[in-house]
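Okay, thanks for coming, everyone. I'll put the structure up, and then we can walk through it together.

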Amino acid sequence: MEILESIILILSLLIIANIVSHYFVSIPPSLLQIAAGILAALFMHVKIYVDTEWFLLAFIAPILFNDGNNFPKRELWKLKGPILGNAIILVIISTLVGGVFVKFLIPSLPWATAFTLVAVLSPTDPIAVQSIAKKAHIPDKLMHLISGESLINDASGLICFKYGVAATVTGMFSLKSATIDFFHISIVGALVGAIMIWIFNGIRLYLINQGVDDSILHAIIQIIIPFIIYYVAEDIFDVSGVVAVVIAGILNISSNHNMSAFTPEIRLITSRTWDLVVYVLNGIVFVLLGIEIPFAMEELVHNDNINTFWATILAFIIWIMLVVIRFAWSYIYSTFSNNPDGKIKLWSKTRLYDCLMSGISGVRGAVTMVGVLSLPMTIKGGAPFPSRTLLLFVASAVIIFSLLGATILIPMLTKSSAPVAYRGNTFSSDNSDNSDDDEEEIAPIELTRIEANRVILDKTVKNFVMKWMKAILQFILL
């Protein structure tokens, strides 16, 4: 009964926050969802405990599968080398440099725990990155690079986070074993995801060919795919379920030419169902974040040798550090990649501006929150996880600072008043106002999935109306 009551309460808070967001469009819904959670914790004394295993399965699998499914495949393939390099190398650099910096700031924090904190802060929100990049007029190549990185670094960041947690819990870490294991679970996880999505795609096409075209049935099949793939990868093959669902999302049939085998109704209902699932899951994560913050602050005051004010300052400094690392990496990459004539131009005001936007656009979101909430309560021997409440508070504060930073700084720098889009936002895929810049492109190529669904629905409705009007006229004439 408590689980049911908790679900109803969280969904109610989510609905209220999203209704309020329609009256304050300049404030990201994520911040209002966090505020709703904080108010519930303070005035209703709501406290929810989550289990690590099911929490990762319930939130990570569908969110990352949907992100991979919606990412432009042509750009992802064209920049596959730089994207993979950025997603892996930048995450490793951020984890190592950031871990050393955090250890310097908090000497009492174990090394493994410091690296764990920075690793969970590595993943960025791809929807936010894409919307910010378009508003900031970042060059297409850099925009696609950042967007692709934000998709793949969910996997690499969470794998590094997993090693950090394991090292903290067991007290042992081997670089050689970790490197071998990293490539093993990543490569095999990718193979598991590719093979399983190929099987599921084959099943769906077979059902269509057999006349099983129930749109609700196909939407349900589509929804359960990431859960099954994540479970099989993690529990049966003991590899990365995160990598498996990302690869499965990228290779999912709904994003290629075989999708024409499905009726417009199936495509529309499946798309709307996925929007609903991601909307709810993303909102639940941020409401849970809001619920956890007051208790993390309370436990921080009583259990850690650091006060809340200093912890907030630490979180702000860590966010600035992450922005600087992203800025430096983007500047280095753009400096050495944009030189077709072989000449390296170290200084460029335009490149400096673009890379600054790249650094600020590193918004932390649902994946970071899911990871930090999954931290175990104890380590080997039954002792409490080192400074767990401090990590939870700092990670939560960094998420909020990144949201506020993007919300305030991006419109100031780009002179745009449009709100920043995040996962689960109803306006996140509405790019119709950007079509004037791409008049030379063929229209179908420029359509997003949501826009294509609208075209399909409009045509279906028009054909339906014309059919009935024709029938009525024939009836009258007869």
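I'll start with the overall picture, then confidence, then a few local spots.

So, ground rules: this is a predicted model, with local features needing pLDDT of at least 70 and side-chain atom pairs counting only at pLDDT 80 or more, while totals for chains, interfaces and linings use all residues. Residues are numbered from 1 along each chain as its sequence is written, and side-chain values use heavy atoms, with hydrogens and water left out.

Right, the fold. We've got 18 helices and 0 strands; those are DSSP runs numbered from the N terminus, H or I of at least four residues for helices, E of at least two for strands. Of the 478 residues, 50% count as buried, and buried here is under 20% relative accessible area, exposed is over 50%, and partly exposed is in between, with a 1.4 Å probe and protein chains only. Take the contacts, meaning heavy atoms within 4.5 Å, at a separation of 6 or more: 79% of them join residues 24 or more positions apart. The chain exposes about 23600 Å², and carbon and sulfur atoms supply 69% of that; areas are Shrake-Rupley with a 1.4 Å probe, and for residues only the protein chains shown count as cover.

Now, how confident is the predictor? Mean pLDDT, the per-residue confidence from 0 to 100, is 76 for the chain, and 74% of the residues score at least 70. Among the elements, helix 10 (residues 215-236) has the highest mean, 91, and helix 17 (residues 443-446) the lowest, 48. Over residues 426-445 pLDDT stays under 50, and the model has 19 contacts for them beyond four places in sequence. Where pLDDT is low, the predicted coordinates should not be read in detail.

On to the charged pairs. How many salt bridges does a search of the whole structure find? Just 1, counting a side-chain nitrogen of Lys or Arg within 4 Å of a carboxyl oxygen of Asp or Glu. Arg272 pairs with Asp275, closest N and O atoms 2.6 Å apart. They're 3 residues apart in helix 12 (residues 264-303), so about one helical turn separates them. Arg272 is partly exposed at 41%, and Asp275 is partly exposed too, at 27%.

Compare Lys103, over in helix 5 (residues 80-105). Lys103 is buried, with a relative accessible area of 17%. Setting aside neighbours within four places in sequence, Lys103 contacts Leu109, Pro110, Trp111 and Ala114.

Back at the start of the chain, there's a nonpolar surface patch of about 690 Å², made by Ile15, Ile16, Ile19, Val20, Tyr23, Phe24 and Ile27. Patch members have over 30% relative accessible area and no salt bridge; nonpolar side chains (Val, Leu, Ile, Met, Phe, Trp, Tyr) are joined within 5 Å, like charges within 9 Å. Ile19 sits in helix 1 (residues 2-21) and is partly exposed at 48%.

Two backbone oddities to finish. Asp238 isn't a glycine, but it has a positive phi of about 55°; Asp238 is in the loop between helix 10 and helix 11 (241-250) and is exposed at 55%. Ser387, also not a glycine, has a positive phi of about 50°. That one's in the loop between helix 15 (366-373) and helix 16 (388-414), and Ser387 is partly exposed at 22%.

How values were computed:
pLDDT is the predictor's confidence in each residue, from 0 to 100.
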